[in-house]
Amino acid sequence: MRAAWYEKQGAARDVLRVGQMPDPIPAAGEVRIRIAASGINPGDVKKRQDAFRVGMSYPRVVPHSDGAGRVDQVGAGVSSEWLGRSVWCFGAQSYRPFGTAAEFTVVPLEKIAPLPDKVTMDQGACLGIPGITAHRAVLVAGSLRGKSVLVRGAGGAVGLCAVQLARRAGAYVIGTVRSPSEEDTARKAGAQEVVGNDHEVRTRVTALAPDGIDHIVEVAFGGNIEDDVELLKMGGSIATYATDIGIPKIPFWPMVFKNIRLFFLGSDDFPAEAKSLAARDLNAALEAGWTGFEIAERIPLAEIVRAHELAEHPVRRGRVIVIL
């Protein structure tokens, strides 16, 4: 099969290679997917860059955890009914060496979900990490029906999923965006209100939710934590999956006095049942008419270096996917 890989970490153009590898064979409990589209996420870039200083987990890595395609082989114990079905997958390169930047990938059955009718492979390739992270971030603190939710970065991949899922959960959803160009994206996802993430964000959110916010989905924990604590109600909660400051300062006593709950979320290690529930709810949102993600670039596997560079330094709003 054709595949992209790296055998050392570094800049995309220095380490990514495209060539031939043996076709993978599914083991018991696994399926093989003929990949049509492979999604690039910030985590894929960080692994390749060694941003977290953990080194190479495997001698050779085929990148990308998310993808979509058709099941063409099944391992022992997997129903043949999966053969030929369109699916999306997640976690293909989570604690595994070979992800979706290849003609074929092999994953455990529990890491795939049926691709709903009329949903494109491109959309399916974008769902995994952003959608599952958003689902956990929205629901980890409990039911949101009738509650107020602030989604930071509502124009981003995780943010727009969080907006959609929070709205479907019955919440009043306020989104913050970095620029006016993202406002339409957040509103299409379901945000009732959208505000710019500037020095007046606290005042604007307070005006929209004068009784306080019940739950915050946070993408920039370090930079926003002080405002978040001020905006939250007594007993409110924050679910954060990223930070703009590696070692943030936490306003401990204000958080204690408000009995604030804080959830740190690493998508690779969510409980299996949480991932399965997320996949079902994301599919339900798509089947109900959610339009999903804006695709900025569709790039062939042979040009994966350019795909990674665009994912790192986007020139257009939307997701970058690799097509096979």
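Helix α7 (residues 221–231) lies across four strands, β8, β11 (213–218), β12 (232–240) and β13. The helix runs at about 160 degrees to β12. The model is a predicted one. The strands that α7 crosses belong to an open six-stranded sheet with parallel pairing, in the order β10-β9-β8-β11-β12-β13.

**The sheet**

- From one strand to the next, the twist of this sheet averages 15 degrees.
- The edge positions are taken by β10 and β13 (261–264). Each has a single partner strand, so one side of each is left without a neighbour in the sheet.
- In general, the strands of a sheet pair through backbone hydrogen bonds, and the pairing can be parallel or antiparallel.

**Strand β9 and its two partners**

- Strand β9 spans residues 172–177 and is mostly covered, with five of its six residues buried.
- On the β8 side, β9 runs parallel to residues 148–151 and is joined to them by four bridges. V149 has V173 of β9 as its bridge partner.
- On the β10 side, four bridges again join β9 to a parallel strand, here residues 193–196. I174 stands opposite E193 of β10, and T176 has V195 as its bridge partner in β10.
- Two helices connect these strands. Helix α4 (residues 157–168) forms a right-handed β-α-β unit with β8 and β9. Helix α5 (residues 183–189) forms a right-handed β-α-β unit with β9 and β10.

**R96 in a loop**

- R96 is placed in the loop between β5 (86–89) and β6 (104–108).
- Its side chain makes a polar contact of 3.2 Å with the side chain of E30.
- The R96 side chain also reaches a backbone atom, the oxygen of V106, at 3.0 Å.
- Apart from neighbours within four places in sequence, the residues in contact with R96 are E30, Y58, G91, V106, V107, P108 and K111.

**T133 in helix α3**

- T133 lies in helix α3, which covers residues 121–139.
- With a relative accessible area of 5%, T133 is buried, because the cut-off for that class is under 20%.
- The side chain of T133 reaches the backbone oxygen of I129 at 2.7 Å.
- Beyond its neighbours within four places in sequence, T133 is in contact with G128, V158, Y241, S267 and F270.
- A278 is 145 residues away from T133 along the chain, yet the C-alpha atoms of the two are separated by 8.6 Å.

**Cysteines**

- A disulfide is a covalent bond between the sulfur atoms of two cysteines.
- How many disulfides does a search of the whole structure find? The search finds zero.
- Why is C89 not bonded to C126? The sulfur of C126 is the closest cysteine sulfur to that of C89, but it is 12 Å away, which is too far for a bond. A disulfide would need the two sulfur atoms within 2.5 Å.
- C126 is in no disulfide either, and its nearest cysteine sulfur, that of C161, is 9.0 Å away.
- Are C89 and C126 buried or exposed? C89 is buried, with a relative accessible area of 0%. C126 also counts as buried, at 0% relative accessibility.

Terms used. Residues are numbered from 1 along each chain as its sequence is written. This is a predicted model: local features need pLDDT of at least 70, side-chain atom pairs count only at pLDDT 80 or more; totals for chains, interfaces and linings use all residues. Side-chain values use heavy atoms; hydrogens and water are left out. Buried means under 20% relative accessible area, exposed over 50%, partly exposed in between (1.4 Å probe, protein chains only). Helices (H or I, at least four residues) and strands (E, at least two) are DSSP runs, numbered from the N terminus. Two strands pair if DSSP finds at least two bridges between them. A crossover is right-handed if, with the strands pointing away from the viewer, the path from the first strand over the helix to the second runs clockwise. A polar contact is a pair of N or O atoms within 3.5 Å; within protein, one must be able to donate a hydrogen and the other to accept it, and residues adjacent in sequence count only if both atoms are side-chain atoms. Contact means heavy atoms within 4.5 Å. Axes are lines fitted to C-alpha atoms, for helices over the stretch in contact, and angles run from 0 to 180 degrees between N-to-C directions.
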